[in-house]
Structure formats: C-alpha cells, structure tokens
Number of protein chains: 2
Amino acid sequence: MDLKEKIISTRDNIFDGRIFHVKVHDIELPDGKRSKREIVEHHGGVGVIAVTPERDVLMVTQYRIAADEMMLEIPAGKLEKGENPYDAGMRELEEETGYTTDKLEFLGEYYATPGYCTEKLSIYLAADLKYKGQHLDPGEFLNVTKIPLDKLYEMVMQNEIRDCKTAIAILKAKAILG
Amino acid sequence: MDLKEKIISTRDNIFDGRIFHVKVHDIELPDGKRSKREIVEHHGGVGVIAVTPERDVLMVTQYRIAADEMMLEIPAGKLEKGENPYDAGMRELEEETGYTTDKLEFLGEYYATPGYCTEKLSIYLAADLKYKGQHLDPGEFLNVTKIPLDKLYEMVMQNEIRDCKTAIAILKAKAILG
C-alpha cells in the first residue's frame, strides 16, 4: 500500500511569525478517509560541536523560555530562508563562541520532530579552532564554557544532556574522535 | 548576569490545535530591553528502541507530511495531556509493533527544538519482547521491519538516519549493548 498522504487543501494564514509559520492541511489518508495535519514551518537550524586540540568542547549555556530552564547546548542557530547550513554553521560558531575554523565535518541532517514540524537540523564537527572574538546577535545572551568531550559523553550516558542535537553531536563526535 | 527572560504579557489565542498550541510572549531581556518569543506548546512525546535477543531492532517506516518523505524511525507517539511517558512508551510499542515488554529502561528526556517548542521526548530501551499483535490508531499507517542494531549504528554514522530521537536511541543502545 502507498502510505503517502495526499493534500486536498491547505489553510496557511494561521500564524506568520518571525521564527515559524503555522498551516493546516486537509488530507486524504492511504485508505481514502479524510484527516487534518497541523504543520509548523521553520527554515531549519544548524549546530556545531567544536573540539579543541585538548579535547575540550565549546558549549553554550542559555535560558530557553520554551523549556523555562538554563540549557547546556552546542553553539547553534536558525537558518535564514534559503541559507546554506554549512555557511550558517561557520557564522554561528564565530558569533556565539568567538572561534573560527577552516572546515566543518558534516554529522548529518535531522528532523527535530517530524510528526508536525518541517525543521531540519544540520550538525557539524569543527576542529582546528582559532580565536577571533565573540559577537552575539542583539537580544542573544549566553555563556560559553569548555567541557571535556569525555565528560560530556558521560553526561549523555547519564541522561544529563537535555537537547536532541547536542546529544547526537556528542555521541557522534565521541565515536569519530575515540 | 541572570540570563532568565521575564514574561511581561502573553497572547495565547493564536492557534489551538489537536497536536499543538501557539502563543507569543512579550518579554524583558536580561539587559532590560523588550522582545517577543513565539512558542509552540506540545504535550511531549515518547520513543522506544526495542531490541530482540537476536539484536534486531523493531523499526517503523511511515510517511511524514512535514518532511514529505517516508521516514525510518523507532516506534513513537505523543503523550496525552498529563500522561506518564513510561506508560505511553509501553502503549506505543504495543500499538505500533505488536510487541510488549515487562520493563523499559530510561535513555533520557530531550527537548526536540528548545528555541521555540516545549516538546520533551522521552526515550526508552525495551528488551525481553513478547509478540501480542499490532493495533494501530485510526488514521495511522506504517510498516514495521527488523533491522540489526549494528547495521542501524552504521547508518547513523553514515548520516543516513534522519530523525533526532531515532539517532539518539540507536547511538545509546549501541553504547549500552555493545
């Protein structure tokens, strides 16, 4: 059976925000019945795990209002519409940590929550870091700390990392770097 | 500096859907300036990586309209309001795969995309599986396949797994089970 859902009509004027848009599709299911699908449209994000020659990882701590808590994450940000994730990764790394690199290694592109959200997150690994100076976006407040990769790996295994992209980045960086 | 953002007022009648709600906060930033935060409210989700004694993993393939593609994922679902993630994991495993287990091992609770979405995903590991019979929700169409854990691990490392919770579950199950 073809499992694809067919869009019959779309209500797309529901919410047109700065970060995301909301629309609702009327769809036909594989068995011919009708249903609705609520969609959050987002241009996508990027995260960079940056590891120093001493195997320290540059981590950011910031208040996340959706979680109502301070969260420990890899440097990350959202793409502008049509922006290349690689270029966005280079930009976010420099803006948030003050470090630059010549090359990012691709660690995959992931749907954050594919049931209802179009956001794809690209994750990269950066080494060969050079310090240039942090310059945050207006309205962006965060602290940068260096944490050993092996310590972060233990934190993931102890369920102490609370952000999806950060957990994936740490587990893959540990598998690659040993 | 205290990095917490203070909510001044909230517009919460923007979208009240079956899957998520949308609201916008007017906030005060740590430096006293004002800004807005757009929020998707979601009751949370659960995913279960179920591994047979032969080290095969029960995977589901389903069409995801937000991604417009067939996606390979661990069995998963959303929580009802106030539902316990552990109970929801037991339910989703049985509904989607037809298998049950006596015990789930907790692999962590993760924000899918904490910049704007309240969704927390709990991930569990299930072993000691018993087959009872699949019974999907109305409007739910998916295929269940068994894929060796080592093959799935290779797929994650080759950037071929496209869903955040699924990548985390595979990487952690491989680290635990060896």
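These are my notebook entries on a predicted model with chains A and B.

**Entry 1: relation of the chains**

I superposed the two copies. Chain A lies on chain B with an RMSD of 0.0 Å after a turn of 180 degrees and a shift of 0.0 Å along the axis. I noted this as the relation of a two-fold axis. I then compared the interface residues: 99% of those in chain A are also interface residues in chain B, so the copies meet through the same surface.

**Entry 2: the contact between A and B**

I looked up how many residues each chain brings to the contact: 71 residues come from chain A and 70 residues from chain B. The area buried between the two chains is about 5800 Å². Carbon and sulfur atoms give 66% of that area. On the side of chain A, I listed the residues that lose the most area to chain B, which are Ile65(A), Tyr111(A) and Phe141(A). Together these residues make up 12% of what that side buries.

I also looked for charged pairs across the contact. The count between chain A and chain B is four salt bridges. One of them joins the side chains of Asp68(B) and Lys4(A), at 3.4 Å from N to O.

**Entry 3: strand β5 of chain B**

Asp68(B) led me to the hairpin it belongs to. β5(B) and β6(B) form this hairpin with four residues between them. Asp68(B) sits in the turn and has a positive phi of about 50 degrees. The same residue thus appears in the turn and in a salt bridge to Lys4(A).

Strands β5(B) and β6(B), the latter spanning residues 69-73, pair in the antiparallel sense over five bridges. In β6(B), Met70(B) stands opposite Tyr63(B), and Met71(B) stands opposite Gln62(B). β5(B) is also joined to β12(B), residues 143-148, by six bridges, and these two strands run antiparallel. There the bridge partner of Asp56(B) is Pro148(B).

Is β5(B) buried or exposed? Nine of the nine residues of the strand, 56-64, are buried, so β5(B) is largely enclosed by the rest of the structure. I checked the faces separately. In a regular strand the side chains alternate between the two faces of the sheet. On one side of β5(B), Asp56(B), Leu58(B), Val60(B), Gln62(B) and Arg64(B) are buried. On the other side, Val57(B), Met59(B), Thr61(B) and Tyr63(B) are buried as well.

**Entry 4: the four-stranded sheet of chain A**

I turned to an open sheet in chain A. Its four strands have the order β7-β4-β10-β9, with mixed pairing. β7(A), residues 76-78, and β9(A), residues 104-111, stand at the edges with a single partner strand each, so one side of each is left without a neighbour in the sheet. Neighbouring strands of this sheet are turned by 20 degrees against each other on average, direction ignored.

I followed one pairing in detail. Three bridges join β4(A), residues 45-50, to β7(A), and the two run antiparallel. Gly47(A) has Ala76(A) as its bridge partner in β7(A). Helix α1(A), residues 85-97, packs on the sheet and touches β4(A), β7(A), β9(A) and β10(A). The direction of the helix makes about 55 degrees with that of β4(A).

Note on methods
Residues numbered from 1 in each chain as written. Chains lettered and ligands numbered in written order. Predicted model: local features only at pLDDT ≥ 70, side-chain atom pairs only at ≥ 80, totals over all residues. Heavy atoms only, no water. Least-squares fit on C-alpha atoms with pLDDT ≥ 70 in both. Contact = heavy atoms within 4.5 Å. Pairing = 2+ DSSP bridges. Axes fitted to C-alpha atoms, helices over the stretch in contact; angles between N-to-C directions. Buried < 20%, exposed > 50% of the residue type's maximum accessible area, 1.4 Å probe, protein only. Buried area = accessible area lost by both parts, 1.4 Å probe.
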